[in-house]
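Hi everyone, thanks for coming. Today I'd like to walk you through the empty spaces in one protein model, and through what sits in one of them. Please have a look at the picture first.

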Amino acid sequence: MTTEVERARRLVAGAERIVVLTGAGISAESGVPTFRGAGGLWKSYRPEELATPEAFARDPRLVWEWYAWRRGLVANCAPNAGHLALAHLAFTHGSTTLVTQNVDGLHHRAAEEVAGEEDPRKAFPLEVHGAIHRDRCSRCGRRSPGRLDVDASTAETLPRCVECGGMLRPDVVWFGESLDPEVIGASFDAARAADLCLVVGTSAVVHPAASVPEVTLQSGGAVIEVNPESTPLTERATLSLRGSAGELLPALL
Ligand code: APR
């Protein structure tokens with residue numbers, strides 16, 4: 001075990017309140033593509049054509065085709081050792097708040113897998129960018145469980161709201177849209193109160209989520225970054241560990 005991992009373990013053991021921020025990198029070892037890394041989704045797809053309200057208004061069929069593909073892909077992935085280690089932390093370390101930018105639901109599944117007698121909700125994350133397995137009506141806002149068999153072959157076959165008949169959309173936050181104020185508010189409250197922020201698998205470029213560790217630093221807390229590559233956060237982190245979430249988190253936690 002490197003001295004850095006030992007130092008990180010001591011920081012975790014000594015922390016009273018922990019906030020964890022995760023990004024696409026924690027799900028990479030589960031087979032979920034990241035966005036900006038090698039083989040990342042934005043390398044082969046244009047976000048402005050697929051992940052904006054304008055794109056959905058312009059061509060809902062194309063957007064649904066892409067989200068139906070991602071929904072199917074994610075449904076066939078399982079939480080990895082990184083997700084499980086964080087769920088374990090949330091059950092064993094009194095005050096831990098998980099905040100995720102991911103829409104894949106793998107943290108929830110890890111919580112259910114690790115919970116045992118515990119209430120799995122204790123390890124459910126704040127999903128600041130929504131959830132891909134859920135739908136939301138683009139007219140009345142009603143949320144409902146998403147279907148895996150969305151037929152995006154024509155605009156007529158796209159899913160409709162059972163209440164108002166409005167077009168359903170995946171319940172994710174698109175570029176140019178604001179986040180749910182309650183969810184991001186709770187994330188910043190946890191970051192402000194934390195004496196340690198653990199940042200895992202994010203390129204730390206998309207705000208406001210990327211500001212979570214900054215809030216902890218500003219209130220005198222420490223930051224541990226876990227990422228095979230350096231990011232804009234690296235120089236300000238208390239410790240930045242190079243490696244994958246699936247390997248480092250079990251060693252750390
Ligand atoms: N373990 C840890 N980190 C990893 C691993 C791994 N196995 N594999 C890759 N990474 C790192 C990459 O080095 C990169 O820094 O994960 C990061 C993934 O960065 P992005 O693809 O930019 O994903 P993320 O930071 O979550 O993106 C933020 O942008 O596209 C939007 O809404 C989308 O939530 C997303 C947001």
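Before we start, one term: when I say polar contact, I mean a pair of N or O atoms within 3.5 Å. Please also keep in mind that this is a predicted model.

Let's begin with the ligand. Which backbone atoms does the ligand's oxygen side meet? A polar backbone atom of G201 is 3.3 Å from an oxygen atom of the ligand, which is inside that cut-off of 3.5 Å. A24 also takes part through its backbone, with a polar atom 2.8 Å from a ligand oxygen. T202 uses its side chain instead: a polar atom there lies 2.6 Å from an oxygen atom of the ligand. And how much of the ligand does the protein bury? On its own the ligand exposes 740 Å², and the protein buries 91% of that.

Now the neighbours. The ligand is surrounded by 22 residues, and the closest are F35, R36, T202, S203 and N227. Sorted by class, this shell has eleven polar, eight nonpolar and three charged residues.

So where is the ligand, in terms of empty space? The space it takes is the largest pocket. That pocket has a volume of about 900 Å³. Its lining is made of 44 residues, and the ones nearest its centre are A24, F35, R36, T202 and S203. You have met A24 already, as a residue with a backbone atom 2.8 Å from a ligand oxygen. Among the helices, α2 (25-28) and α6 each supply at least two residues of this lining, and α6 gives the largest share, with three residues. By class, the lining of the largest pocket counts 22 nonpolar, 17 polar and five charged residues.

Let's move to another pocket. The second largest one has a volume of about 250 Å³. Of its 17 lining residues, G130, R143, D171, V173 and D180 are the closest to the centre. Which strands give two or more residues to this lining? They are β3 (126-127), β4 (130-137) and β6 (168-172). The classes here are eight charged, seven nonpolar and two polar residues.

So far we have talked about pockets, so let's turn to cavities. A cavity is a space where the probe fits but cannot get out, while a pocket is open. How many cavities of 30 Å³ or more does the structure hold? There are two.

The largest cavity has a volume of about 90 Å³. Around it you can find A24, S27, V32, P33, F35, R70, V74, Q101, N102, V103 and D104. Six of these lining residues are nonpolar, three are polar and two are charged. Notice A24 and F35 in that list: both are also among the residues nearest the centre of the largest pocket.

The second largest cavity holds about 40 Å³ of space. Its lining consists of V32, P33, F35, L41, R70, L73 and V74. Helix α6, which covers residues 60-75, gives the most to this lining, with three residues. By class there are six nonpolar residues, one charged residue and no polar ones.

To finish, here is something to try on your own screen. Find F35 in the model and look around it: F35 is one of the residues closest to the ligand, and it also lines the largest cavity and the second largest cavity. Thanks for listening!

Notes. Residues numbered from 1 in each chain as written. Predicted model: local features only at pLDDT ≥ 70, side-chain atom pairs only at ≥ 80, totals over all residues. Heavy atoms only, no water. Near = heavy atom within 4 Å. Polar contact = N/O pair within 3.5 Å; in protein donor to acceptor, adjacent residues only side chain to side chain. Areas by Shrake-Rupley, 256 points an atom, 1.4 Å probe, with all protein chains shown as cover. 1 Å grid on protein atoms, 1.4 Å probe; cavity = no way out; pocket = protein on both sides within 12 Å on 5 of 7 lines; lining within 4 Å. Sits in = over half its atoms within 2 Å of the grid points. Nonpolar A, V, L, I, M, F, W, Y, C, P; charged D, E, K, R; others polar. Points joined across faces, edges and corners; volume = space filled by probe spheres on them. Helix = DSSP H or I, 4+ residues; strand = E, 2+ residues; numbered from the N terminus.
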